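This report describes selected features of one protein chain for a reader who is new to structural biology. Please keep the sequence and the model in view while reading.

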Amino acid sequence: MASEEQQFCQLLDSLMSLDNNVRQQAETTYGQIPFEHKLVYLVKCMRNNGLAVASRTLALVMLRRLISTSVDENWANLNEQIKTTLKAELLTSVQQETDQSIRKKITDVIAELARFLIDDDGTNRWPEVLQFLFELSNSQDINLKESALNIFTSFPGIFGSQEQHYIQVIHNLLSQSLSDPNKNISYLAVKAVTSFLKNHENENQTISLFRDCLPLLLKNVQESAVDNTDNEELQKCLIEIAEIAPKFLKTVLDQVFELCIHILMHNESTSRKHLALEVIVTLAENASGMIRKNAAKYVPLIVPQILAMMVDLDDDPEWSVQDEIEDEDEESNPITGESAMDRLACALGGKTMLPHILTNVNQMLANSDWRYRYAGLMTLSSTAEGAHKQMEAYLDQMVDGIVGFLKDPHPRVRYAACNCLGQMATDFAPAFEKKYHAKVVPGLLMILDDEANPRVQAHGGAALVNFAEDSPKNILLNYLEQILSKLQDVLVKKVYELANHKRKLVLEQIVTTIAAVADTVEDKFEAYYDKFMPKLKYLFVNATTPDLRLLRGKTIECISLIGLAVGKDKFLQDCQDVMETLLRTQTNFDNLEDEDPQISYMISSWARMCKILGKDFEKYLPVVMGPVLKTASFKPEIAVVDEEEVKEISDEEDWQFVTIGDQQSFGIKTTGLEEKATACSMLVCYAKELKEGFAQYTEEVTKLMVPLFKFYFHDGVRTAAAESMPHLLECAQIRGEQYVCEMWNYICNDLIKAIDSEPEQEVLAELMRAFAKCVEFMGARALNQEQVQTVIKVLDKYLAEHFTKQQQRHEMRRDEDYDDETEDQLLDEDDFDALILSKISDIIHSLFQVYKVGFSEAFDQLVAHFDRLLAPERPYTDRQWALCVWDDVIEFCGPDSIKYQGYFLKRLLESLVDEAPEIRQAASYGCGMMAMNGGAQYAQACASAVPYLIQVINDRESRSVENVQATENAISAVTKIMKYNNSAISVDQLLPTWFSWLPVYDDVEETPHTYGYLCDQVEANNEIILGVNHCNIPRIVQVIVDCISREGIDMENIVAKRMVNICKHVQSNAAMMQACVTILTPDQKECLQKLLTMST
């Protein structure tokens, strides 16, 4: 045994070897050792004081990992003696170990084992560890007290179901430790309290028991910032508390802010200043109302400290002429300050922040030192989003001032002015573009002449992108000649610079700017097409070296966006040339690195070319699908690590971590995620555009996409996966019904599960929408009875959550910290809830559409929710979507819907005159459905609806923009009642009034019903409509022409053809036709002329 133990110790040494071959061989050998033997040997190595500290440390790290990853499946089969020995050895070794780092590692192992030994009921199957914890806590030995706190910090849930019984004891132990004269103990106690609070994040009652510990906790944080012996850990604890339990700090809010501001003002450590600022920002983000109400007085002190960080800039004379831009240091003072200002403005709002920002910034902008002018402009950029409403009042003078700084003598100030204008163009769009184009566009074009400072020149191009992207087309057209002439000039010069001086920064930007302008002006770019396309194709073909990959990617993006703008006829030949170039170099795709920037640009560009070429793109699928599928299949690097490992990995780029409890974090390397999301979206595009032409890829893409419903690392990936489903089914249709059914069987259950478990509301909405579309496509074969019941349970859950969330928001509106900004946040949450409700309505619509009255029995399980949603006191969105569901019940169940009349009929009729147009529209549609599909039993209800409908139609505001759709739905409802369910009304009495309501043209789904009925009356020679001696014919022609000229009806619709035929029939009577033409507007006359020559 001794020799085996020695061999194992040697194995540990090999695992630490710098020789890769030795280490890999050792890892293989270790992996082959049975669990029980690993456990025994690792414990022996832990206890072997003769081993080097590094070997014992590794043994403990591996022991903890073994317990965390493998003990669950091996514990039951483990020898009882080994279990007992393991527990005893761990507890004994803590007391006997003299090396502090080893002792800490042993406590980590104890915590890990204790975590495993808590059963599902919360019973601790290792009672000795609790007694041990109490003994260590009360020991006079500082080392043992430390060990107790370390165990508790690593696993604050160690008391399991007995915690409430011991809660006062836990409180006393932590409180005493916080006041311990030994700093090691009191500082550890801060970590222990923080860990405990994190473990009870949503348990306010438990958290509040520890509020009296706060003064001592803050005292320790303050002292640690002075003596700097805690490695900044205590300030990080304060940040965690601010995030998970901000209101826990309410009673000591003044002390927290005073402490943080003192550190910002007086502490010499840059990182400690950043941590102090992070406490403030985190509190603002997680309890904005509380901060606005109780800590706004500190904002005038905080803002200057942030601005002081932003001014901390190096004066690098080479900055403005650099061609390779290095990533900015995220931990530098300027970047930290800029981020904090942005976050505070978004969290606290403009009312709280903007006055203090402007007071300071105005002084900075007048400063002779360029750094102050630069920081002042960057501050305006940072706060534009959060202080949006309040900043609008100052925009006139701001824009004048910022445009003036485009001529500042210092290049970095000019750069900041570009940055500011670009940001404002986005944050205040489109009002900014409409109001300030005459100042901004010439100013940015002037910057494009700054040849001596290419970094500034490029940023001017970037600002122009922001402006162009959000500019109304007609505004940009006013400057199109100037803009494109300048861009062409810069493009020619920069292509020359690339060829002769290898400079590419401005060129990379300028092709993006050209693309943005083309995207906005669309077909108007065609006149300039031949000036740009040859140069862009030249770049695409020749920019093939590794250092030009980004340029090549942006160039193909630009080419494809121009193609989309000008259309297939103009672009076809160049598009084929570009695609043929790609075909000739297709072998290179296999050699592209995963992080090659060309990939995402090319994938997006191919999708645009697919939209342009349509079916003609199919021949290129074999070359483009390989890279797209490879990128969409990318699997990110992930890890579950403890706190110490987080510190090690955090030094690497592109890692993000989320705490998952018990001192563990989930980490993901974010490189490649955006590209994966782009590729998935492009697969959606191919399926949508090519339909059966994409059929051969449906199986592979479906098998790729369905598992991505659970890809929680990126919302865009899950959204694309959901969006693709109905399109993939449609693509597969050509392969036969059995294939489609098998494909749907593969999708269906996973899609329902994804809906049930999706955490993000926007993604959930897309999943629900996709499911509804799939059900409609599959028809009656979509779901079996068990699946229907599963869907009902999921919908029931979300409907119940809807009411719960509304109640929570109601309580927040009564909270003492409630204010206007809080209301804005709550209104955003209201909107998200309404979005989900609308998608629930979509699913129910699809199920009723497919199964008709057969879905009623399942729907009965949800009826109570929709009864409650329709109550008069509910928000209008609740009532709107409830009415939409009841409309579906009437439409698809027909006469059988009468059994539900007690739930909806009275409220539906009352809703016809509701103040919200959305409610009136939904109610009117429901009345139309009662008339069309409800049968004789709804005749009296239809008659009762007519006076309400007349009331809203005749209202003087009925044709306003916000009311017109509801009004046209009401007119359509009256039309349907007269046509289909008129036994309880006088049609002849109503007809003249009805005719006076025409024309209608806004709701293209309802116009065929209204005009179809008009055609019925005209074709039947109804004198009430035609008038005495056909005197109403000019007006009949006028309302027909008015609707068609406004594109109020699809000309392929049979009703449209009947409308045209009526006009042609009138043409045979020259005098009557002249009377008709006399009352038409010039546009209507032109439209009528076209109709009369149209073939029907």
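## Terms and model

A cavity is a set of grid points where a 1.4 Å probe fits but cannot get out, whereas a pocket is an open set of points. The volume of either one is the space filled by probe spheres set on its points. The model discussed here is predicted.

## Domains

The protein is divided into three parts: domain 1 covers residues 1-158, domain 2 covers 691-782 and domain 3 covers 998-1095. Between the C-alpha centres of domain 1 and domain 2 there is a separation of 47 Å.

## Enclosed cavities

The structure contains 4 cavities of 30 Å³ or more. The largest cavity has a volume of about 160 Å³. Its lining is made up of 13 residues, and those closest to its centre are S137, L149, F152, L173 and L174. Three helices each give two or more residues to this lining, namely α7 (127-137), α8 (142-154) and α9 (163-178). By residue class, the lining of the largest cavity comprises 10 nonpolar residues, 2 polar residues and 1 charged residue.

The second largest cavity has a volume of about 50 Å³. The residues that line this second cavity are F257, I280, I291, A295, V299, I302, V303, L344, L348 and M353. How do the residues of this lining divide into nonpolar, polar and charged? The lining of the second largest cavity has 10 nonpolar residues, with no polar and no charged ones. At least two lining residues come from each of α17 (299-310) and α18. The largest share, 3 residues, is supplied by α17.

## An open pocket

The second largest pocket has a volume of about 1200 Å³. It is lined by 36 residues, of which P246, K247, N286, A287 and M812 are the closest to its centre. The elements that contribute two or more residues to this lining are α11 (204-208), α13 (233-244), α15 (270-286), α16 (288-294), α18 (333-348), α40 (785-813) and α41 (820-851).

Which element gives the largest share of the lining of the second largest pocket? That share, 6 residues, comes from α41. Sorted by class, the lining of the second largest pocket holds 13 nonpolar, 10 polar and 13 charged residues. Helix α18 appears in two of these descriptions: it contributes to the lining of the second largest pocket, and it also supplies residues to the lining of the second largest cavity.

## Helix packing

Helix α45 takes part in two of the helix pairs described here. Helix α44 (residues 876-893) packs against α45 at an angle of about 120°, and their axes are 11 Å apart. Helix α45 (residues 901-911) in turn packs against helix α46 (residues 917-933) at an angle of about 125°, with the axes 8 Å apart. Why are these pairs described as oblique? Angles from 65 to 115 degrees count as roughly perpendicular and those over 145 as roughly antiparallel. The angle between α44 and α45 fits neither range, so the two are oblique to each other. For α45 and α46, the angle likewise makes the pair oblique. The crossing of α44 and α45 is left-handed, and the crossing of α45 and α46 is left-handed as well.

Another pair joins α50 and helix α53 (residues 1054-1067), whose axes come within 9 Å and cross at roughly 40°. Angles under 35 degrees count as roughly parallel, and α50 and α53 are therefore oblique to each other. Their crossing is left-handed.

## Backbone exceptions

Most residues other than glycine have a negative phi, and most peptide bonds are trans. Several places in the model depart from this pattern. The bond that joins A429 and P430 is a cis peptide bond, with omega about -10°. P430 is located in the loop between α23 (411-427) and α24 (431-447). A cis peptide bond also runs from L998 to P999, where omega is near 10°. P999 belongs to the loop between α49 (987-996) and α50 (1007-1019).

Where in the chain is K691 placed? This residue is in the loop between α35 (673-690) and α36 (698-705). Phi of K691 is near 50°, a positive value in a residue other than glycine.

Conventions: Residues are numbered from 1 along each chain as its sequence is written. This is a predicted model: local features need pLDDT of at least 70, side-chain atom pairs count only at pLDDT 80 or more; totals for chains, interfaces and linings use all residues. Side-chain values use heavy atoms; hydrogens and water are left out. On a 1 Å grid over the protein atoms alone, a cavity is a set of points where a 1.4 Å probe fits but cannot get out, and a pocket is an open set with protein on both sides within 12 Å along at least five of seven lines; lining residues have an atom within 4 Å of a point. Helices (H or I, at least four residues) and strands (E, at least two) are DSSP runs, numbered from the N terminus. Ala, Val, Leu, Ile, Met, Phe, Trp, Tyr, Cys and Pro count as nonpolar, Asp, Glu, Lys and Arg as charged, and the others, Gly among them, as polar. Domain bounds come from an automatic or database domain assignment. Axes are lines fitted to C-alpha atoms, for helices over the stretch in contact, and angles run from 0 to 180 degrees between N-to-C directions. A crossing is left-handed if the near helix is turned anticlockwise from the far one by less than a right angle, and right-handed if clockwise.
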